[in-house]
Amino acid sequence: MKASELDAVRDHLASRGQEPGPVEVGAALRSLGLLVSDSVVRHAVTTLRRDSTGAGPLEPLLQLPGVTDVLVNAPDQVFVDQGNGLELAPIEFADDQQVRRLAMRMAASVGRRLDDGSPFVDARLPDGVRVHAVLGCVAETGTCLSLRVPNRRRMTLADWVIRGSMTTHGADLLAGLVAQRRAFLVSGGTGSGKTTLLAALLSLVPPTERIVIAEDSRELHPDHPHCLRLEARPPNAEGSGAITLTDLVRQALRMRPDRLVVGEVRGAEIVDLLSALNTGHEGGCGTVHANSAADVPARLEALGALGGLSRQALHAQLGAALEVVVHVRRRADGSRWLEEMRLVAVDEASGRCRTVPAFRFDPDDATQLGPGAAELTRLAGQ
């Protein structure tokens, strides 16, 4: 059955407010003067139902074991990542209109607007899949979709070691930092495993402690009995009703957190987080995008500027609040690796913060010890 014929049947049913059942589809085919047979009706019903629920044609890809990302660059360019890097998937859309309809329906399912007046959207679907869509009026190749699939299994530090993503020594140091209530940030690039590692570490927090998490999009799922998760909200079509990460961090401070967590530090909320960590909230943590652990102070300096914090004030707050930076990297084969751990120190001459190398983990060589190794070992209680 041609795509144009399916579109005609879809429009016919939509104009009458009907669901794509066998009887309704058969009647629509006859009304449109199209061929009616058991196989045609069955194919049309299956296709229309698939396209009207979940992720449509992409749904089978989301169910693949180990899948982390599904990307649509064009109707005939669908890629999937199952942990080995991006690979071309054996799925194609009929045309850009089909991709656009899917993107608009997914956005509408969570109350978000997606049209030429608002051509991009970033949202989380009810099943936890994070969807980002850009319409063809912005993207040269047509409507683009990026689906990030949450880890369906809660990984532990032991799982990281078993999978070869960190050494036993690295796992012991991380567990010690959590037990000693040290403040730390997990840094890394997109898809490097920052959120997965942070969730594993939060699962080590004693069950008697209360964790309050503030996130732009809900992704952290720690295995912990007393965990509250707050999620930011974008403005509505009228431009009002937004709830920012800054709002959430401020509210979290009033909720008696034993551990305050910011899922991803990406803006002015860094000011409130550093203030909280400097006022007795020990063990706070979060993630931040950075190319390396050494780049984290500069990255936080830029974010602090968004919150109106001067360079001098940011470094003064940072030096007193943050103790350790943990850096993870995604390797060429798609696997994740705990690459480095560094201390945060204040340079006495300039008053600015820098990171001091402590442990660098090489998957093919022995662990490299830096000048901060002894101090980080002490902070981890080992």
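This passage walks through the pockets, the cavities and two helix contacts of a predicted model.

The open spaces come first. The largest pocket takes up about 1,300 Å³. Its lining runs to 41 residues, and the ones closest to the centre are Thr 68, Arg 148, Val 149, Thr 196 and Arg 336. Three elements give two or more residues each to this lining, namely β5 (130–134), β6 (144–148) and α8 (194–202). Of the elements, α8 holds the largest share, with four residues. Sorted by class, the lining of the largest pocket has 19 polar residues, 14 charged ones and eight nonpolar ones.

Next in line is the second largest pocket, with a volume of about 410 Å³. Here the lining consists of 17 residues, and Arg 112, Asp 216, Ala 232, Arg 233 and Pro 234 sit nearest the centre. Strand β4, covering residues 120–124, is the top contributor to the lining of this pocket, with three residues. The class split for the second largest pocket is eight charged, seven nonpolar and two polar residues.

Then there are the closed spaces. Three cavities of 30 Å³ or more turn up in the model. The largest cavity holds about 70 Å³. Around it sit Arg 130, Thr 195, Glu 215, Asp 216, Ser 217, Glu 219, Gly 263, Glu 264, Arg 266 and Thr 287. No nonpolar residue appears in that lining, which is made up of six charged and four polar residues. Asp 216 is also a familiar name from the second largest pocket, where it is among the residues nearest the centre.

The second largest cavity, at about 50 Å³, has its own cast. Its lining is formed by Phe 184, Leu 185, Ile 270, Leu 273, Leu 274, Leu 277, Gly 284, Cys 285, Leu 300, Leu 318 and Leu 322. By class, that comes to 10 nonpolar residues and one polar residue, with no charged ones. Both β7 (184–188) and α10 (269–277) put at least two residues into this lining, and α10 gives the most, with four.

Helix α10 comes up again in the helix packing. It packs with helix α9 (residues 245–252) at an angle of about 20°, and the two axes lie 8 Å apart. The pair is therefore roughly parallel, since angles under 35 degrees count that way. The crossing of α9 and α10 is left-handed. On the α9 side, Leu 245, Thr 246, Val 249 and Arg 250 make the contact, while α10 brings in Glu 269, Asp 272 and Leu 273. By class, the contact of α9 with α10 has three nonpolar, three charged and one polar residue. Leu 273, for its part, is also one of the residues lining the second largest cavity.

The other helix pair is α11 (residues 296–306) and α12 (residues 311–321), whose axes cross at roughly 125° and come within 9 Å. That angle makes α11 oblique to α12. The crossing of these two helices is right-handed. From α11, the contact uses Pro 297, Leu 300, Glu 301 and Gly 304, and from α12 it uses Arg 311, Leu 314, His 315 and Leu 318. The contact of α11 with α12 has four nonpolar, two polar and two charged residues. Two names in this contact, Leu 300 and Leu 318, also appear in the lining of the second largest cavity.

Definitions and conventions
Residues are numbered from 1 along each chain as its sequence is written. This is a predicted model: local features need pLDDT of at least 70, side-chain atom pairs count only at pLDDT 80 or more; totals for chains, interfaces and linings use all residues. Side-chain values use heavy atoms; hydrogens and water are left out. On a 1 Å grid over the protein atoms alone, a cavity is a set of points where a 1.4 Å probe fits but cannot get out, and a pocket is an open set with protein on both sides within 12 Å along at least five of seven lines; lining residues have an atom within 4 Å of a point. Grid points are joined across faces, edges and corners, and a volume is the space filled by probe spheres set on the points. Ala, Val, Leu, Ile, Met, Phe, Trp, Tyr, Cys and Pro count as nonpolar, Asp, Glu, Lys and Arg as charged, and the others, Gly among them, as polar. Axes are lines fitted to C-alpha atoms, for helices over the stretch in contact, and angles run from 0 to 180 degrees between N-to-C directions. Angles under 35 degrees count as roughly parallel, over 145 as roughly antiparallel, 65 to 115 as roughly perpendicular and the rest as oblique. A crossing is left-handed if the near helix is turned anticlockwise from the far one by less than a right angle, and right-handed if clockwise. Contact means heavy atoms within 4.5 Å.
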